[in-house]
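Q: I'm new to this one and would like a close look at a single helix and what surrounds it in the fold. Could you walk me through it slowly, starting from the whole chain?

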Amino acid sequence: MRDLDVTQQAESNLSETQPYIAIQVDREKAAAAGLSEVAVGGIVAEAMLPASIGSVEIDGTTLRVYIDNPDAPTSVRELEDFVIPTLAGPQPLTALATVEEVDGPASISTQRGVRTATVSITPDTADIGTASAEVQTELDALDLPDGVTAELGGVTAQQSDAFQQLGLALLAAILIVYTVMVATFRSLRQPLLLLVSVPFAATGAILLQLASGIPLGVASIIGLLMLIGIVVTNAIVLVDLVNQYRDRGLGVVDAVVHGASRRLRPILMTALATIFALLPMAVGLTGHSGFISQPLAIVVIGGLISSTVLTLVVLPSLYTLVEGARERREARRAARAAAAA
């Protein structure tokens, strides 16, 4: 693998090696002698490993009893001269296989019966997403042998799973908020208007995070979850007062003007209080916990700024457009009914 700019060091569990004796059986020669590759390996293993002769029970504990073979080969030379009984008569092991001392991995790991190797990379940047993308690019460029696959794991896989779970949590939160608002306002249109503030919040949060250079992480998604409740609350406060004015007999335009002017100050005060409370976290004054608290604070601050401004401007406009059209239709129906009467 080529050197990466975002990595500090890379290591593999195959980097540590230890010498061992490798026996490679020639299948054709073994078959000619009436043996299989497994049979040759079994004969060698039986000669070199202690033989089990039974078990004994001592104080309620069962122990296996083994007898060591004093004639077992102890060197490569003795192993090469080890006699294998075949149909053609006894033959040395070198007549059926090659014996040599090689270096191999100090440990062997498997997953579901498949041999695996782990390459650990420590990035020197906090942007795990960029580092993972570069590593994935390098993996895609590798020409791996047949039967060999490579995939990212560790922190990258955990972050991907967390993003998927938090994404589902975002959708569930929006659905729950919409359901509660439908039951509260007894309308399907007005809750949809209130949910317009959620994209506004996400826009500001992403833009401020890009401007600050803080990478997107799990804490950022948690901040978006917090924003859903905060920004929708401001929209509910505004629309609820507008509906109260309409119930008192005001038209849509007059109700929106009066409601927006009355709710402007409380909404701004609430947003500013939250923003200033999160500023110490956003500038990184929280010490070692800044890698979690700073992205969260930046997302919430950016979302509050954009959602507050756009909610006070766009939401009243959309409300006037949708509810005004409904009011005009009702007025026309009332006029036709009066004319018919």
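**A close look at helix α7**

A: Let's start with the whole chain. Of the 341 residues in the protein, 30% are buried. Keep in mind that this is a predicted model. The mean pLDDT of the protein is 78, and 86% of its residues reach 70 or more. One stretch to treat with care is residues 1-8, where pLDDT stays under 50; the model still gives that stretch 21 contacts beyond four places in sequence.

As for the overall make-up, you'll find ten helices and ten strands in the protein. If you take the contacts with a separation of 6 or more, 69% of them join residues 24 or more positions apart. The protein exposes about 21,400 Å², and 59% of that comes from carbon and sulfur atoms.

Now for the helix itself. Helix α7 covers residues 197-212, which is 16 residues. At 1.5 Å a residue, α7 should span 22 Å, and its end C-alpha atoms are 23 Å apart, so the two agree.

Next, which residues of α7 are buried? They are Ser197, Val198, Phe200, Ala201, Gly204, Ala205 and Gln209. These buried residues cover an arc of only 160° around the axis, so they sit on the same side of α7. Turn to the other side of α7 and you meet Leu207, Leu210 and Ala211, which are exposed. Just after α7 comes glycine 213, with a positive phi of about 80°.

Glycine 213 makes a handy link to another spot in the chain. Most residues other than glycine have a negative phi. Aspartate 59, though, is a residue other than glycine with a positive phi, near 55°. You can find aspartate 59 in the loop between β3 (51-58) and β4 (61-67). Is aspartate 59 buried or exposed? Its relative accessibility is 78%, so aspartate 59 counts as exposed.

For a contrast, try a different loop, the one between β5 (83-84) and β6 (91-92), where threonine 86 lies. With a relative accessible area of 14%, threonine 86 is under the 20% cut-off and therefore buried. Its side chain reaches the backbone oxygen of glycine 89 at 2.4 Å. Leaving out residues up to four places away in sequence, threonine 86 touches Ala33, Leu35, Gln91 and Leu96.

Last, hop over to helix α8 (residues 218-247), which holds asparagine 243. Asparagine 243 counts as buried because its relative accessibility is 14%. Setting aside residues up to four places away in sequence, asparagine 243 touches Phe185, Gln190 and Tyr319. You can also look from asparagine 243 to glycine 259: they are 16 residues apart along the chain, and their C-alpha atoms are separated by 8.7 Å.

Methods
Residues numbered from 1 in each chain as written. Heavy atoms only, no water. pLDDT = per-residue confidence, 0-100. Contact = heavy atoms within 4.5 Å. Helix = DSSP H or I, 4+ residues; strand = E, 2+ residues; numbered from the N terminus. Buried < 20%, exposed > 50% of the residue type's maximum accessible area, 1.4 Å probe, protein only. Areas by Shrake-Rupley, 256 points an atom, 1.4 Å probe, with all protein chains shown as cover. Polar contact = N/O pair within 3.5 Å; in protein donor to acceptor, adjacent residues only side chain to side chain. Expected span 1.5 Å × (residues − 1). Arc of directions from axis to C-beta.
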